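User: Please take a close look at one part of this model and then set that part in the context of the whole chain. I would like one connected account, with its surroundings described step by step.

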Amino acid sequence: MNDMTTLPTTAAGLWLADFASALESQDIDAAVELFAPESYWRDLVSFTWNIRTQEGPAAIREMLEARLADVKPSNFQIEGEPSESGGVIDAWFTFETGVARGRGHLRLLDNGKVWTLLTTMTELKGFEERKNERRIMGAEHGVQAGRKTWLERRKDEEARLGYEEQPYVVIIGGGQGGIALGARLRRLGVPTIIVEKNEKPGDSWRKRYKSLCLHDPVWYDHLPYMPFPDDWPVFAPKDKLGDWLEMYTKVMELNYWGSTVAKKCSFDEATQTWNVVVERQGKEVVLRPTQLVFALGVSGYPNTPKIPGAETFLGEQQHSSQHPGPEAYTGKKCVVLGSNNSAHDICAALWEYGADVTMIQRSSTHIAPSDSLMELALGGLYSEKAVQSGIDHHKADLIFASVPYAIMHTFHIPAYDAMKQRDADLYSRLEKAGFMLDFGVDGSGLFMKYLRRGSGYYIDVGASELVANGSIKLKSGVNIDHINPRSVTLSDGTELPADLLVYATGYGSMNGWLADLISPEVADQVGKCWGLGSDTPKDPGPWEGEPRNMWKPTNVKNLWIHGGNLHQSRHYSQFLSLQLKARYEHIPTPVYKLQPSYHKR
Ligand SMILES: Cc1cc2nc3c(=O)[nH]c(=O)nc-3n(C[C@H](O)[C@H](O)[C@H](O)COP(=O)(O)OP(=O)(O)OC[C@H]3O[C@@H](n4cnc5c(N)ncnc54)[C@H](O)[C@@H]3O)c2cc1C
């Protein structure tokens with residue numbers, strides 16, 4: 001080894017040894033001493049039974065005072081070769097607690113203090129997944145009276161679960177989120193039913209507008225356990241993804257109740273279980289799980305603005321989620337209200353089919369050209385190049401998770417500064433066409449907008465060129481003031497003839513689902529989902545440090561919320577499934593600092 005490799009290895013090894021010895025001897029002062037004045041400890045379940053970032057030594061001390069005696073951390077070992085870049089040493093490590101094994105990551109400064117620390121739970125001791133050497137035999141050799149085949153046992157289970165036996169977990173919503181979590185719980189042996197109103201897994205993608213392909217590249221999109229094959233398209237067409245989800249649900253042996261609508265849920269204090277009333281293929285069934293997970297999507301109900309005169313319109317009006325695709329609109333005058341992803345995709349598809357399309361842009365939008373986004377923002381972690389340099393999606397997910405939200409924007413700003421340069425020509429032509437651009441309030445671009453507000457951007461896969469060259473007509477800085485039988489009148493007085501009006505106006509808050517299916521009071525108790533409290537547009541403060549209510553205990557007992565894009569569904573289903581498994585096995589799970597809910601919706 002030369003100095004370049006021995007130095008980081010020695011420094012990280014020494015730090016970890018000091019940290020381990022401080023924790024093992026319950027010496028909180030010594031442990032806190034090892035952190036820099038600006039430092040962060042993000043914990044995914046292993047120390048806190050929560051998803052929390054401790055920001056600064058005082059918060060780290062407070063957490064250790066509350067949790068260290070119970071957690072009993074031990075056996076810290078450096079994993080792989082630490083490395084150094086720009087004066088910061090990166091190192092991976094493994095560790096144990098009294099009940100679990102974990103993996104962590106640290107960023108060490110040249111003063112020997114840690115800047116960021118990540119600790120994550122990987123498995124519960126004694127309840128490991130039955131994989132590799134622990135896998136089941138499948139065939140049972142020998143003789144056995146009344147032996148049942150795998151298929152017979154599987155059919156018995158399907159017939160019994162939900163009727164003669166109650167699942168421990170019910171997941172409402174069988175999109176990619178419910179499916180990924182279901183697969184993890186299946187591997188952990190937690191009896192689970194996924195309730196889905198569509199007939200088949202994958203239908204939530206199949207039912208979206210025809211031209212839709214994933215906006216995120218394949219390296220970012222794998223489901224847990226079963227990565228896409230290595231010839232899978234970079235951007236999967238929606239129906240192909242639908243087929244994958246259907247296949248995955250089957251081979252993962254998930255108890256998936258298609259054509260089943262959840263109608264009402266209530267918690268029974270006497271039995272400490274939920275009553276979940278569902279209509280399964282026309283018949284009412286009451287499920288009584290202990291834990292209830294809502295996996296109903298990244299957002300709530302479609303937002304359709306109430307515009308005066310809408311009822312007088314003689315053409316067609318639809319929310320983007322109901323848009324059937326462009327075929328019927330050749331030669332028609334189409335007005336699309338909105339300027340984010342769906343609006344752009346729908347405008348481009350309508351234009352391809354010879355419609356006369358106008359986009360109405362009410363406020364500024366962040367445009368991130370897909371190839372630049374892949375190269376500048378995602379490429380280091382999720383790309384073929386990253387895979388070839390040893391960063392598969394498992395590792396990438398942990399690297400991503402190791403960056404505390406409080407400083408994440410600082411990691412992103414340089415990528416978007418580079419994008420401004422690289423795509424300067426497109427941006428200037430868009431501005432000439434009147435398009436209002438932004439890069440987020442602090443220039444941190446797409447992913448921070450996604451985390452803070454879940455909207456306000458378009459990943460450009462071609463429509464921006466059509467806007468820039470005028471093929472898609474643009475009216476910006478205006479809204480629709482009122483609707484007439486065959487036209488819309490804009491707030492600047494312009495009248496646009498219209499046969500089709502598409503509201504690409506996004507979705508409401510996720511806890512609309514809770515209000516409807518449980519009660520408005522419970523929805524308010526849980527409070528707003530998503531957002532970080534960044535005090536930026538649509539993400540009111542105070543600062544909360546982690547996405548609100550996602551994948552962690554909420555303020556309502558035994559009620560959980562899961563979802564997000566494919567990356568988040570994959571990664572965070574691991575931590576939600578371990579929290580549920582621990583409860584299923586009656587392992588004590590004292591939650592450190594439940595997040596207060598500052599905003600109801
Ligand atoms: C145009 C567009 C492009 C997108 N591109 C990407 C992308 O590239 N990558 C990505 O990761 N994400 C993308 N997304 C976001 C994508 O919608 C979410 O990532 C994904 O759908 C979230 O999955 P989910 O399982 O949480 O929710 P959903 O897929 O919305 O699943 C929720 C399920 O709940 C069911 N349901 C609702 N109510 C009930 C009820 N009462 N009873 C039973 N079932 C019910 C619904 O039928 C639905 O199947 C895109 C979204 C849109 C609109």
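Analyst: Once its neighbours within four places in sequence are left aside, Pro404 is in contact with Tyr40, Arg42, Thr53 and Thr116. The model is a predicted one, and in it Pro404 sits in the loop that joins helix H12 (393-401) to helix H13 (405-422). Pro404 counts as buried because 21 C-beta neighbours lie inside 10 Å, the cut-off being 20 or more. Between Pro404 and Thr536 there are 17 Å in space, C-alpha to C-alpha, for a separation of 132 residues in sequence.

The division of the chain gives a frame for this part: domain 1 (8-124), domain 2 (154-300 + 509-584) and domain 3 (310-503). Between domain 2 and domain 3 the contact takes 24 residues from domain 2 and 23 residues from domain 3. On the side of domain 2 that touches domain 3, helix H7 (218-221) and helix H19 (566-584) are the elements that give two or more residues, and by class this side has 10 nonpolar, 10 polar and four charged residues. The centres of domain 2 and domain 3, taken over C-alpha atoms, are separated by 27 Å.

The ligand also brings these two domains into one description, since domain 2 (154-300 + 509-584) and domain 3 (310-503) each give at least three residues to the shell around the ligand. Of the 28 residues around the ligand, those that come nearest are Gly173, Gly175, Gly177, Gly297 and Asn565. Helix H5 (176-187), strand E10 (260-268) and helix H9 (341-352) are the elements that give two or more residues to that shell, whose make-up by class is 10 nonpolar, 14 polar and four charged residues.

A further element to consider is strand E23 (residues 500-503), which is covered on both faces, with Leu500 and Val502 buried on one side and Leu501 and Tyr503 buried on the other. Strand E14 (residues 316-319) pairs with E23 in the parallel sense over four bridges, and within this pairing Glu316 has Leu500 of E23 as its bridge partner. Strand E15 (residues 333-337) likewise pairs with E23 in the parallel sense over four bridges, where the bridge partner of Leu337 is Tyr503. Leu500 and Tyr503, named here as bridge partners, are thus also among the buried residues of E23.

Conventions: Residues are numbered from 1 along each chain as its sequence is written. This is a predicted model: local features need pLDDT of at least 70, side-chain atom pairs count only at pLDDT 80 or more; totals for chains, interfaces and linings use all residues. A residue is near a molecule or strand if its C-beta atom, placed from the backbone, lies within 6 Å of it. Ala, Val, Leu, Ile, Met, Phe, Trp, Tyr, Cys and Pro count as nonpolar, Asp, Glu, Lys and Arg as charged, and the others, Gly among them, as polar. Domain bounds come from an automatic or database domain assignment. Two residues are in contact if their C-beta atoms, placed from the backbone, lie within 7 Å. A residue is buried if 20 or more other C-beta atoms lie within 10 Å of its own, exposed if 12 or fewer, and partly exposed in between; C-beta atoms are placed from the backbone. Two strands pair if DSSP finds at least two bridges between them.
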